[in-house]
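Colleague: Please take a close look at one part of this model, a loop with a surface patch, and then go on from there to the bonds and bridges that link parts of the chain. Plain wording will do.

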Amino acid sequence: MNPKLPYVLLVGAAVIIFVLSCMLLSRGKQSSSCESQLHVVEKARSTSQSLVFADLTPEEMVQVVRYLQGHLGVQLVDASRAKPSDSCIASIDVQVPAKAEVLQFLDEGGARPPREALAVLYFGNQPDPNVTEYVVGPLPTPAYHRDVTVQKYRGKLPYHRRPMLGSEYQQVGVFIKTMAFAAAPTFLKEVFVYDGTNMAFQTTAPHGFQSGDRKSWFIVFQNVSGFFLHPVGLEVLVDHSSLNISRWAVSKVFYNGPYYRDMVQLESAYVQGRIRVEKVRKAPRDGDFSSMKPRAPSAILFPLQYEPQGPRYSIRSNHVLFQAWSFAFGMSVNTGLRLFDIRHKGERVAYEISIQEALSVYGSNCPGGMSTRYMDGSFGIGRYTSPLVQGVDCPYSATYIDTHSLSETLSPSKRKASFCIFEQNLGSPLRRHYSNLQSLYYGGLVNSALVVRSITTVGNYDYVWDFIFYQSGAIEGKVQATGYVSSSFFHGDGLRYGNRVWEHTLGTVHTHSINYKVDLDVGGVKNSLVAHDMAFEMTRAPWNPEQQIERPRLTKKVLDTEDQAAFRLQSKMPRYIYFAANGKNKWGHQRGYRIQITSFAGDHVPEASSMERAISWARYQLAVTRRKEDEPTSTSIYNQNDPWTPTVAFADFINNETITNEDLVAWITAGFLHIPHSEDIPNTVTVGNSVGFLLRPYNYYDLDPSIYSHDGVFFTSEQDFTACEINPIACLPKTASCLPNFLPFTYDGFQNM
């Protein structure tokens, strides 16, 4: 062997080690942690002004509670423990000032409107039980309160219209278990192996069948994970109208087709062998087929989104700034996420965009299902906002915002991660063109948008609420539905009302209708509503009169009255309908913002129905009315439990008033028909279950505002498109080769339930 060979091998090994070390160090440099390089500068005045819309702070809520306890002269019981015969605070929320006062403050340097709260109280411990609403102020140190109930609703609020408190649901549950079920021990033990803990109940609504009722069907399920899919065939109608719980009673019982007077009659029929029993297999605690536990192990990680140079938006208090956009946000206990003072390039385009209601109308051959018309605002779209899960509900690196509320308690509660804000690369161009004719070039802009999101879980359903801000000046309002389907026990002619999705489970047909309030202020408060569309016209070719041409032409119409601007759900609506400003753009057109609706709604409840007026907003895919302070919402939380005498009937808003050059509001309804199918087990997916609307500039600008975006890409065939100064995308290996700073995963969704 050559004696020099070991030395050669050692030297070679040293060189290899040196090269590998350099490569690793080099790669380590490229994979350094991402650092924020962009700093969005906000004017302090903008942030301060947006506080006029801000939700109440916990300290303000505490002060309002103390004031009410000391100035109403009645004992207020904590609503979480209240009996129907008690008086309590149902909720406290911010009272948003009148628009005229706010605009005087924002635009003309007027005084800041006094900060006030709206308190909803149940007075059960009175000779004339009622619901009363008080405005309390000024905050943070209240000194006055005024009863606004009659002013808002043109009369007192009867006590039976009150939304059910959590304590009342608990009391009904105790009544069913200890009183109702006690009358049928043999039936429950032998048919369901009932042990006092293995049954769960789901309420239906409205709670009755005529004004003044408080009777509810309670559907019985196996008490397992995903219990909504485990009906057992038993449903109980409870009359809980009396303020004395000891006087509550069972009005009717349903089991597997037949109806019984009460549980006593059901027990008797069973003991005598006169009942057709349908044995339901006992489900394990995890629910088996209804479990959301993955059926496959974790594998390669899914793609993630990150911001290599930090967020390009800023959040100060309740104010958001993103590129040319700015707006204030809030969370209403009843209606959820809402936005105010939405501006693009410094100019207000909308004063308010807010959710109003989420309605579900069910069909079934079981009593609970067939009588269900859920109006989720009554339960609380904001109250039941879910804590968001990083990386699933929103991108991991999104900004998660906590909120505070006071509902059914005397103390404010903190809702962790109630909503999130993030910029999202949608993975497609907002616009682009590749030219291979005449000149050779490419121009494009990535579609990156800001998303504001909250998710509401009301019972079985989850609604994903998004407001999305695009660089083109467009705003999108979108809702995606997921969660569990509400099911009925499969029996008899059940297939007329849905699809069988498991052995004893009928996925029942139902509609979803979502209503939004959109108060556009295009180029100022005063707007008109204009419709553009197309029609074909027949003409002779000017160069050859013997030839006929069918050419599309533009049709134009100003919609002068509210009646003309109310478009029924399934009717034909102009495809371009927009709020027009008094001013014009450079090309002589009225500046406008177009309303574009995405919806595949099911049919509306027949207007002959005794409860239809309570949900009459759902008659219309779009209705534009004059804005009025005494018409702040399209519905009321009190409509759910007395739809036969609605507290607010939206149909009354439409009375043929002139809407030319007025402050206008668009009430938008989007929805979908859901016929549950086997792929809805265990959960409904969001794909295909997304509806909403777009607000798009229509001659509002002189050209597309996104042309001024810093994200634009353009290069020609004659340029070096690998150079950073020509094409910023070419710089990604340098500017984006970093590791995102993912904070440790946290979740507080199971705390303070």
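**From a surface loop to the links in the chain**

Modeller: Leu304 sits in the loop that runs between helix 8 (263-271) and strand 11 (313-316). Please keep in mind that this is a predicted model. Leu304 has a relative accessible area of 42%, so it counts as partly exposed, because that label covers values between 20% and 50%. Leu304 also belongs to a nonpolar patch on the surface, together with Leu301, Phe302, Tyr306 and Phe742. The accessible area of these five residues together is about 480 Å².

Next come the disulfides. How many disulfides does the structure hold? There are three. If the bonded cysteines are counted along the chain, the pattern of pairs is 1-6, 2-3, 4-5.

One of the disulfides joins Cys34 to Cys738, with an S to S distance of 1.9 Å. The torsion about its S-S bond is about 90°, so this disulfide is right-handed. Cys34 lies in the loop between helix 1 (5-30) and helix 2 (44-50), while Cys738 lies in the segment after helix 11 (732-735), so the bond ties together parts that are 704 residues apart in sequence. Cys34 is buried, at a relative accessible area of 8%. Cys738 is buried too, with 13% relative accessibility.

Another disulfide joins Cys394 to Cys420, and here the S to S distance is 2.1 Å. The torsion about the S-S bond is about -80°, so this disulfide is left-handed. Cys394 is in the loop between helix 10 (376-379) and strand 17 (399-407), and Cys420 is in strand 18 (residues 413-435), so this pair ties together parts that are 26 residues apart in sequence. Both cysteines of this pair are buried.

The remaining disulfide to describe is formed by Cys724 and Cys731, whose sulfur atoms are 2.0 Å apart. Is each partner buried or partly exposed? Cys724 has 29% relative accessibility and counts as partly exposed, whereas Cys731, at 12%, is buried. Two further cysteines can be placed on this scale: Cys88 is buried at 1% relative accessibility, and Cys366 is buried at 0%.

Now to the charged side chains. The count of salt bridges comes to 39. One of them is between the side chains of Arg154 and Asp630, at 3.7 Å from N to O. Arg154 lies in the loop between helix 5 (149-153) and strand 5, and Asp630 in the loop between strand 31 (620-626) and strand 32 (662-674), so this salt bridge ties together parts that are 476 residues apart in sequence. Arg154 is exposed, with a relative accessible area of 65%, and Asp630 is partly exposed, with 42%.

A second example is the salt bridge in which the side chains of Arg276 and Glu278 meet, at 3.6 Å from N to O. Arg276 is exposed, its relative accessible area being 52%, while Glu278 is partly exposed at 27%.

A third example is the salt bridge between Arg627 and Asp519, where the closest N and O atoms are 2.9 Å apart. This pair links distant parts of the chain: Arg627 is in the loop between strand 31 and strand 32, Asp519 is in strand 25 (residues 510-520), and the two are 108 residues apart. Arg627 counts as buried at 18% relative accessibility, because the label buried applies to values under 20%. Asp519 is buried as well, with a relative accessible area of 0%. Through shared partners, salt bridges join Arg627 and Asp519 with Lys99, Asp521, Glu629 and Asp663 into one network.

One more arginine is worth a stop. Where is Arg161 found? Its place is the loop between strand 5 (157-158) and helix 6 (166-180). Arg161 is buried, with a relative accessible area of 10%. Its side chain has a polar contact of 3.0 Å with the side chain of Thr647. Apart from neighbours within four places in sequence, Arg161 is in contact with Tyr638, Asn641, Asp642, Thr645 and Thr647.

Notes
Residues are numbered from 1 along each chain as its sequence is written. This is a predicted model: local features need pLDDT of at least 70, side-chain atom pairs count only at pLDDT 80 or more; totals for chains, interfaces and linings use all residues. Side-chain values use heavy atoms; hydrogens and water are left out. Helices (H or I, at least four residues) and strands (E, at least two) are DSSP runs, numbered from the N terminus. Buried means under 20% relative accessible area, exposed over 50%, partly exposed in between (1.4 Å probe, protein chains only). A polar contact is a pair of N or O atoms within 3.5 Å; within protein, one must be able to donate a hydrogen and the other to accept it, and residues adjacent in sequence count only if both atoms are side-chain atoms. Contact means heavy atoms within 4.5 Å. A disulfide is a pair of cysteine sulfur atoms within 2.5 Å. Patches are made of residues with over 30% relative accessible area and no salt bridge: like charges are joined within 9 Å, nonpolar side chains (Val, Leu, Ile, Met, Phe, Trp, Tyr) within 5 Å. Accessible areas come from the Shrake-Rupley method with a 1.4 Å probe; for residues, only the protein chains shown count as cover. A salt bridge is a side-chain nitrogen of Lys or Arg within 4 Å of a carboxyl oxygen of Asp or Glu.
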